[in-house]
Amino acid sequence: RRVPQRVGRHLSSAHHRRFAPLTKLVATIGPSSEEYDPLCAVVSEGMSVMRLNFSHATAEEFFLRMGNLAKAPGGEYVASLLDTRGPEVRMGGLKVCRDTGNRKAKVALTEGQDLVLTTDPAWDGAGDETRMYVNYEKLTQKVRTGDNILLDDGAITVAVTSREDDDSSKTATAEVLTTVLNSGELGERKGVNLPGIPLELPAMSRKDEADILFGVEHGIDVVAASFVHDADGVRQIRKYVDACAAKFPEAYPDGERPLVVAKIESVEALRNLGEIVDAADGLMVARGDLGVEVPLVEVVQWQKDIVDACRHKGKPVIVATQMLDSMAKNPRPTRAEVADVTNAVVERADAVMLSGESAAGKYPDLAVKTQREICDTTEAWLVSTKRTSPHPDAYVPDSDADDARKRTEALAAAAVAAQHTLSAKALLVVDAPETARLVAAHSPDVPILAFVSSPRVARQLNLHRAVFAVIRRDDASSLDDVAAASLAREALGLGDADPVVALVGDRISLP
C-alpha cells in the first residue's frame, strides 16, 4: 500500500488560522481522531504535527491516519512524526492474562511482600504476584541492594534486598529479590525504570528498526527517537534513517531525509544533554518517563534547562506529556493544566504536545482548540506587556562555524533586529529553509513566512516556532521581495501599509 501524496496548494486568506499561534501544536492521532471527520476537525483547529505512536500503532492504523491526513483540507502542511517505542526495559506477560485471555487482567501486590524479578524467559507469560519476568539480561549486574525499581511508571515501587551475584548472574536465569514498598495492582508488560542507573541499552530495538524502515518507506517526515542516552545513539539512529531513505528514493524525490528528534526521558540523557542537542535536529521533553527517572519536583526545572539548551543552539524543542490530561474525559482543562501550557509558551518552546487527549480522549478537536487558544492568549499577553524578543537566553551563534554559515547567521539576526525596531508584522524568507530556521532561532514574536519549493521541507519547518511555510513548487526560487510581500500580506490578512521584513538571498528589504 502507498500513502496518498500530499500536494501543496497555494495559500489564500482562507488559511489565516494556520498562521497562529506562533507556538506549534503537536497532536497524537489515535482511535478517537483517526477517522476522516474528526481528523479534519483536529487539523482545522491548528494541528501542525501529527504524532503516530508506534508503541501501539499498527500498519493498518498508519495507513488510515496518513490517508485521511492527505485528504483533509490543510493536511498537506501538517508534518507526520513517527514516535518509536525505544529500547525499553519491560515486564513480561502474566499467567492470569494467559489463562483468562484477558490482556487487561492484573495481579495484586501488597506492601511488604517479597517479589522476585527474573530474567528467565520461561517466566514470560507465567508471571504472578510472587515472580515476574523482566526483559533486561543485565538486571543483576546493574542493581545493588537498596536500589529502588519502579514498575508501571512508578505505580509500584520495589526495593532490592538481594541479587544473584555468582557467575550464573550472566545467564538467562538471574534473579533479583525485592520488597514491595506500596500496595497496588499491576498489569502485564508494563515499563520498568531503574532511576539513575546507566543501562547500556542499544540505540534502537529490533522493533524500532522495523518501524522506522516502514515509516520511511511511506514518507514519514520526522522520527522521534525514544530513550536516547547520548549523541552516539542519535548518530546511529540518523545513519539508519538515512540508509532507509536511500532505499526508497521515490518517497523522498527531492533528496530530503526525515529529521531526527531525540526524546529526553532519562537521567543519562540529562547528563549528556549538550551533546544530544548538538547531534539531533530537535528535542522532545518527554515528561512521562522523565518524571519517573527524576524526582517529580525537578521535572519543571529540567524542562526549563532543556528548552534553554535548545534555544541556545537554535534547535526546536517540543514540551510533551499530560499538558491537558483531564481533557481526555472532560471538556474543560484544569487551571493547573492551563498554567502548564502557558509556561511552555512563555519559555518560547517551539511546540506543545497532546497525547491521550487527542488520541483516545472524548474531545480530541476541542483539546487542540483549547491548547491553541491558550497559546494565542499567552503570546498576545507577551507582546502587550513587552515581554518580547530579544531575550538574554536566546540563540548564541556558533563561533566555530564557517564563513558562509556566519554570514547567514548575521543576516538572520539583522532581519530579526529590523523587525523588532520597525514593529514589522511579519518576516519573509524566500527559498532558504536553513535561513528560516536561523531566523526562528532568535524567537521573533511575529510569523516567519518561508517560501519553499519542497512540500516535505515545508512540513518539517513546522517543528520551529513561528515558521509557516508556503509551498511554491514551481517558482519559490524566482520570487522577489515584492512578490513575496504581496503573497504574505494576502495570506496574513495584512494591509498594504503594514510593514514586513523580507530576506531574499543576501539582501534584507522592506517591500
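Which side chain does the side chain of Glu34 join in a polar contact of 2.8 Å? In this predicted model, the partner is Arg65, with the polar contact running between the two side chains. Glu34 itself sits in a loop, the one between strand S1 (24-28) and helix H1 (36-44). Despite being a loop residue, Glu34 counts as buried, because its relative accessibility is 11% and the cut-off for buried is under 20%. As for its neighbours, leaving out residues up to four places away in sequence, Glu34 touches Ile29, Leu39, Glu61, Leu64, Arg65 and Asn68. Arg65 thus turns up both in this set of contacts and as the polar partner.

Now for the empty spaces inside. The structure holds three cavities of 30 Å³ or more, and the largest has a volume of about 200 Å³. Its lining is made up of 20 residues, with Asn193, Leu199, Phe227, His229 and Glu293 closest to the centre. Strand S11 (192-193), helix H7 (267-271) and helix H9 (287-293) are the elements that give two or more residues to this lining, and H7 has the largest share, with three. Sorted by class, the lining of the largest cavity comes out as 10 nonpolar, five polar and five charged residues.

The second largest cavity takes up about 100 Å³. Here 13 residues form the lining, and Lys315, Asp350, Ala440, Ala441 and Ser443 lie nearest the centre. Helix H10 (299-313) and helix H15 (433-441) each chip in at least two lining residues, with H15 giving the largest share, three residues. By class, this second lining has four nonpolar, three polar and six charged residues.

Conventions: Residues numbered from 1 in each chain as written. Predicted model: local features only at pLDDT ≥ 70, side-chain atom pairs only at ≥ 80, totals over all residues. Heavy atoms only, no water. Helix = DSSP H or I, 4+ residues; strand = E, 2+ residues; numbered from the N terminus. Buried < 20%, exposed > 50% of the residue type's maximum accessible area, 1.4 Å probe, protein only. Polar contact = N/O pair within 3.5 Å; in protein donor to acceptor, adjacent residues only side chain to side chain. Contact = heavy atoms within 4.5 Å. 1 Å grid on protein atoms, 1.4 Å probe; cavity = no way out; pocket = protein on both sides within 12 Å on 5 of 7 lines; lining within 4 Å. Points joined across faces, edges and corners; volume = space filled by probe spheres on them. Nonpolar A, V, L, I, M, F, W, Y, C, P; charged D, E, K, R; others polar.
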